[in-house]
Amino acid sequence: MDLGIAGKRAIVGAASKGLGKGCAMALAEEGVHLVINARTASELEATAEEIRSATGVEVTAVTGDITLPGIRQAILAACPEPDILVTNAGGPAPGNFRTDTRERWLAALEAQLLGHAEMITAVVDGMAERGFGRIVNITSQSTKMPVPNLGLSTSARLALQGFCNTICREVVDRNVVINNLLPGPFDTDRLQNGIVHAAKQAGIDVAAAREERMAATPAGRFGTAEEFGKVCAFLCSEHVGFMTANSVLMDGGLYPGTF
């Protein structure tokens with residue numbers, strides 16, 4: 001299927017590795033030019049060069065913490081008229097809500113809500129004026145099926161989904177759609193860190209904890225960044241103009257509900 005987005009321009013957050021990189025690569029394979037962001041310069045530059053070499057598209061790397069206004073300004077200066085925005089940022093470390101301090105709450109809201117909301121606000125009207133816009137928020141399976149010890153992450157990500165579902169109806173008539181992509185257990189550094197944490201809590205070997213987690217997924221495996229990226233690219237395509245305010249769950253069948 002031709003996604004109809006060759007030549008478009010996209011901003012992709014947390015794109016140096018994991019799911020963000022998977023999304024950036026999938027968009028580049030469709031001919032989309034990229035501005036990618038992450039906090040570690042060496043990893044981000046390596047990813048930018050890998051994508052350039054593999055696809056031939058333009059890739060600009062902007063290093064820094066997207067929660068900082070100056071970094072958001074630098075990203076928008078590099079791509080002032082994006083057609084596509086993929087919001088993404090690593091979540092806070094797991095922890096019991098009884099020990100979540102005000103500082104941890106504020107940091108989670110900055111990283112998972114406020115920075116993304118400000119980026120969306122900065123680009124959405126321009127997209128509407130130009131008659132095309134695709135915004136995809138990478139949030140989490142936990143917004144559909146809460147996960148123990150992820151209260152900070154889940155709360156902030158739900159707030160972002162609520163914000164976007166409120167504003168999306170103001171621009172859908174001008175071919176701008178906003179959807180959420182909810183990853184479950186994908187084979188990323190974050191998943192591995194969570195497994196290490198769970199293994200310590202349970203007093204078991206990390207390898208055993210990994211096998212246990214994999215076996216608990218109906219698909220019998222973890223997802224890959226490549227397949228996640230392909231779904232993200234579809235949500236950025238010309239074919240989803242009648243689809244907005246949706247949360248697409250990718251979890252290998254873990255969620256047990258009908259809706």
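**Exercise 1. Which residues does D65 touch, not counting residues up to four places away in sequence?**

Before solving it, a quick word on the model. It is a predicted one, where local features need pLDDT of at least 70 and side-chain atom pairs count only at pLDDT 80 or more, while totals for chains, interfaces and linings use all residues. Residues are numbered from 1 along each chain as its sequence is written, and side-chain values use heavy atoms, with hydrogens and water left out.

*Solution.*
- Step 1: find D65 in the loop between strand 3 and helix 3 (69–78). Helices (H or I, at least four residues) and strands (E, at least two) are DSSP runs, numbered from the N terminus.
- Step 2: look for contacts, meaning heavy atoms within 4.5 Å. Setting aside residues up to four places away in sequence, D65 touches R39 and I71.
- Step 3: check the side chain. D65 and T67 are joined through their side chains by a polar contact of 2.8 Å. A polar contact is a pair of N or O atoms within 3.5 Å; within protein, one must be able to donate a hydrogen and the other to accept it, and residues adjacent in sequence count only if both atoms are side-chain atoms.
- Step 4: judge the exposure. D65 has 27% relative accessibility, so it counts as partly exposed. The scale runs like this: buried is under 20% relative accessible area, exposed is over 50%, and partly exposed is in between (1.4 Å probe, protein chains only).

**Exercise 2. Work out which side of helix 2 faces inward, using its buried residues.**

*Solution.*
- Step 1: take the length. Helix 2 (residues 41–55) has 15 residues and reaches 21 Å from its first C-alpha to its last, close to the 21 Å expected at 1.5 Å a residue. That expected span is 1.5 Å times one less than the number of residues.
- Step 2: pick out the buried residues of helix 2, namely L44, T47, A48 and I51. They cover an arc of only 100° around the axis, so they sit on the same side of helix 2. The arc is that of the directions from the helix axis to the C-beta atoms.
- Step 3: see what that side meets. The buried residues of helix 2 pack against helix 1, strand 2 (33–38) and strand 3 (59–63).
- Step 4: turn to the other face. Away from its buried side, helix 2 carries the exposed residues S42 and S53.
- Step 5: follow the chain onward. Just after helix 2, G56 takes a positive phi of about 80°.

**Exercise 3. Do the same for helix 8, starting from its buried residues.**

*Solution.*
- Step 1: list them. In helix 8 (residues 225–235), the buried residues are A225, F228, G229, C232, A233 and L235. Their arc around the axis is only 155°, which puts them on the same side of helix 8.
- Step 2: name the partners. The buried residues of helix 8 pack against helix 1 (18–29), strand 4 (84–87), strand 5 (133–138), strand 6 (176–183) and strand 7 (247–250).

**Exercise 4. How many residues does the largest nonpolar core have?**

*Solution.*
- Step 1: know what to look for. A nonpolar core is a set of buried Ala, Val, Leu, Ile, Met, Phe, Trp, Tyr and Cys residues joined through side-chain atoms within 4.5 Å.
- Step 2: read off the size. The largest one has 36 residues, and V12, L27, L34, I36 and I84 have the most contacts inside it.
- Step 3: ask who contributes. Helix 1 gives the most to this core, with seven residues.
- Step 4: zoom in on V12. Beyond its neighbours within four places in sequence, V12 is in contact with residues including G20, C23, L27 and V86.
- Step 5: don't miss the second, separate core of 24 residues, which includes I71, L113, I167 and V171.

**Exercise 5. How many disulfides does the structure hold?**

*Solution.*
- Step 1: apply the cut-off, a pair of cysteine sulfur atoms within 2.5 Å. The count is zero.
- Step 2: try C23. The nearest cysteine sulfur, that of C232, is 3.5 Å away, and C23 is in no disulfide. C23 is also buried, at 0% relative accessibility.
- Step 3: try C79. Its sulfur is 13 Å from the closest cysteine sulfur, in C236, so that pair is too far for a bond. C79 is buried too, with a relative accessible area of 4%.
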